[in-house]
Every structure is written in C-alpha cells, then in structure tokens.
Amino acid sequence: MLYLDAAATTPVRREVLEAMWPYLTQEFGNASSHHEVGRRARAGLDAARQAVAEVLNCRPAEVVLTSGGTEADNLAVKGIALARRDRDASTTHVVTSAVEHHAVLDSGRDLARWDGFEVTELGVSAEGLVDPADLAGAVRPGTAVVSVMYANNETGAVQAVAELAAVARARGVPFHTDAVQAAGSLELDVQALDVAALSLAGHKIGAPKGVGALYVRRGTPLRPLMSGGGHERGRRSGTSDVAGAVGLATALRLSAEERPAKAVRLAGLRDRLITGVLAEVPTALLTGPDPREHPESRLPGHVSFCFPGVNGETVLVDLESRGLLVSSGSACSAGDTAPSHVLTAMGYPPEVATTAVRFTLSADITPEQVDGIVAATRDVVRRLGSPHG
C-alpha cells in the first residue's frame, strides 16, 4: 500500500518516540508536583516549551500546550473574542473565511449562537484565497478577532497571512491563523507572520495524535475555556502531557530543520503529479492554486482534483484496490455526504464538489511512484466514466 494521505495524519517518527519514552516510563511524574519526580517532569516540560518557542520565534511563556489543533483553534477564536468582549461589551464581531476548518468555523458559529456575536465569513477566489481588501472592508469597530488559516487542508491553498495579519493589526484587532496544515511545509516564524495567535497539531508532523499548541502573543486577551488547576499560566487547565509535549517539540524541531530540502523535493513531485493527471485525464479539474503558475500559493506535496462525471468515493475505493490510499478531502468530515464547504465556497457546483480526490505526498515517495499514481488514476477515471462503468 502507498499512503497518500499525509494531510490527514502522519506516522509517529522514531526520534519522537525515543524522546518521549523516558517521560512515559521512569520520568512519569506530574509536572505540577513539588517533589523530585515532579521537578524532573517539569524540567522536561519546560525544555519542550522552549523548543517549540524557538521554532516559532516567540517567548516560551507565549506557548500554550493543548490536546491538538481543534482545541487550539477553539481557544484562540472563542478565548480571544470573549476576553475582548469582557473588556468592551461592544466588541462582538468575528471575521473568518468560508474555507476554514470546522474547528474555526464552528467556533465562530458557537459565539453567534450562544454569546450574541456577529460573524462575517469572507468569500474566497476561485483558487480559494482571501483578498486582503475584502478583509479590510470587513473589519470594523467592535471586531474582536480575525481568523484565517495559513494553508487549506483540502486544496493546499496558502493564504497571504502576513498581509492579512497586517490589515487586522493596523485596525487593532488580533489575528489568529490555523497553521495545522502548514506546519512542516511553511515557515512558522510568528514575528514574520505578524500574528497574535497560531495553532498547531502534532500528528501532522510526526508526533502523536492528541497534542498541539497555541501561540498567543504577550498582551493578547484570552479567556480560558476550561476551568481547573490553572495550568498553562491559567490559560488551559489540565494535567500536563509531558511526554506529548516532548514529542511535539521534537517533531517540530525536526520538521523545521528538514523543511527547506523537503519542500523543494515535494514541490517537484507535486508538479509532476499535477502535470501527469491533467495530461492523462482531460476532464480533471485541479482545485486550488496552480503551483506551476504561482508556486508559493500551494503547499508542496499537496494535490487535489475534481473528476466531473464520476463518483469521488468510488474513485477512492478503486484506487485503494490498486494499493493507493487517498482521501476525498478533510479527514474530519469523513462519512459526510454533503459536498465540501471549501469547494462550494470556491464556486464548484455541489455535483462537482462531491467528486473531489486529494493526494498528499510523504517525503519518501519517488518519481516512479508518482508516475504509477498518474497511470492508476487515469485507468480508474476512464473506467468509471465509460458508459459501461
């Protein structure tokens, strides 16, 4: 089997397991305990936080460790919005985009449903990109937070985060970006990105599922969403997952070191796959930016198509029977028969959006394997699109 769903999750790296192992065995202490075992666990936690901060180019105190990207997104959007409303009752507006992960979209909608906020979901271009001018027109007095993702998990589209963040910052509004899909492929320097908050998830970069982080710029108001022991400087209560934090820090450091060379290699393989499929399957529609024209606007290693006239789920099943594991889009929406909200926001008709297939490449894939993916995709789509199936 050839695994082509790295956007959904990645295997835990050996180096990560080895770094975590001591904190799962002899260094098992509770980092909040004041005896020697607890102090050793605290030292491991502090070192992990420092390592995450070094990759993000921020202070360790600005890193909040979470259970993953979904919690980090919820804490950013809801926590900042509610904290700013606590300071000014008229601050009840949230701006995001129509192509966000549901962790962000539903956080905004929860604020509207339960807390009286108004939410503006910005439209996007046919490539899935937010226009900074649209953001400038949406931000107003009373806007509590803006949240636009760094890179889209379904299409690989990369937003101009620094430019968008500058629009928000000029108006005194904190800007959050969901960088879960960007980690490992794009620069995560929060100073260069100019963001007030940034979300990460470990399992996209070779750490275990169930651990993530939220960068929150010093001075940014944040209401905690969970009450308890006041962990994470009062921002996120819960017994610290020391081993998970060590795993996240190790994976993040390794991915940052490997990123330049890996990105170049995967971008070449991505373009080889795009060119091959479009040549062999004339009806295929590349979704998201075309990296052959705008190489910086799409994640390296991320390719997605719609195949009008064929059933997308059937394509997945047929490709799996040929040893290729792909997806139809967000793994978080698996089993949902509704068309992708991302693709419909980009202007695809529902009947076309339901034919989507996503290929996301791992670092060890070869050019010959890419050519095999092209051939298998051609054969499957031709068979399914023929009058006799």
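This passage walks through the main sheet, the helices packed on it, a second group of strands and a few single residues.

The model is a predicted one, in which local features need pLDDT of at least 70 and side-chain atom pairs count only at pLDDT 80 or more, while totals for chains, interfaces and linings use all residues. Residues are numbered from 1 along each chain as its sequence is written, and side-chain values use heavy atoms, with hydrogens and water left out.

Start with the sheet. Helices (H or I, at least four residues) and strands (E, at least two) are DSSP runs numbered from the N terminus, and two strands pair if DSSP finds at least two bridges between them. On that basis, seven strands make up an open sheet with mixed pairing, ordered β2-β8-β7-β6-β5-β3-β4. The edges are held by β2 (63-66) and β4 (118-122); each has a single partner strand, so one side of each has no neighbour in the sheet. On average, neighbouring strands here are turned by 20° against each other, direction ignored. Angles run from 0 to 180 degrees between N-to-C directions, and axes are lines fitted to C-alpha atoms, for helices over the stretch in contact. At the β4 edge, β3 (residues 93-97) pairs with β4 in the parallel sense over five bridges, and valine 95 sits opposite threonine 120 of β4.

Two helices that meet this sheet come next, with contact meaning heavy atoms within 4.5 Å. Helix α2 (residues 36-56) packs on the sheet and touches β2, β7 (197-201) and β8 (212-216), its direction making about 115° with that of β2. Helix α3 (residues 69-87) lies across β2, β3, β5 (143-147), β6 (175-178), β7 and β8, and runs at about 160° to β5. From first C-alpha to last, the 19 residues of α3 reach 27 Å, close to the 27 Å expected at 1.5 Å a residue; the expected span is 1.5 Å times one less than the number of residues. Buried means under 20% relative accessible area, exposed over 50% and partly exposed in between (1.4 Å probe, protein chains only). By that yardstick 15 of the 19 residues of α3 are buried, so the helix is largely enclosed by the rest of the structure.

Helix α3 also has a helical partner. It packs against α4 (residues 102-115) at an angle of about 35°, with the axes 8 Å apart. On the α3 side, the contact residues include Asp73, Val77, Ala81 and Arg85, and those they meet in α4 include Val104, Ser107 and Leu111. By class, this contact has six nonpolar, four polar and five charged residues; Ala, Val, Leu, Ile, Met, Phe, Trp, Tyr, Cys and Pro count as nonpolar, Asp, Glu, Lys and Arg as charged, and the others, Gly among them, as polar.

As for α4 itself, its 14 residues reach 18 Å from first C-alpha to last, close to the 20 Å expected at 1.5 Å a residue. Ala103, Val104, Leu105, Ser107, Gly108 and Leu111 of α4 are buried, and what covers the buried residues of this helix includes α3, β3, β4, β5, β6 and α10 (341-345). Tryptophan 114, also in α4, is exposed, with a relative accessible area of 65%. After α4 comes glycine 116, whose phi is positive, near 80°.

Away from the seven-strand order, β10 (residues 302-306) is joined to β12 (residues 356-360) by five bridges, and the two run antiparallel. Phenylalanine 305 faces valine 357 in β12, and serine 304 is opposite arginine 358 in β12. Strand β9 (residues 285-286) pairs with β10 in the antiparallel sense over two bridges, with leucine 286 opposite phenylalanine 305. Both faces of β10 are covered, with His302, Ser304 and Cys306 buried on one side and Val303 and Phe305 on the other. In β12, five of the five residues are buried, so this strand is largely enclosed by the rest of the structure.

Finally, two loop residues. Alanine 8 sits in the loop between β1 (2-3) and α1 (14-24) and counts as buried at 12% relative accessibility. Its C-alpha atom is separated by 9.0 Å from that of glutamine 181, 173 residues apart along the chain. Serine 240, in the loop between β8 and α8 (242-280), is buried with a relative accessible area of 18%. Leaving aside neighbours within four places in sequence, serine 240 is in contact with Ala31, Leu45, His231 and Glu232.
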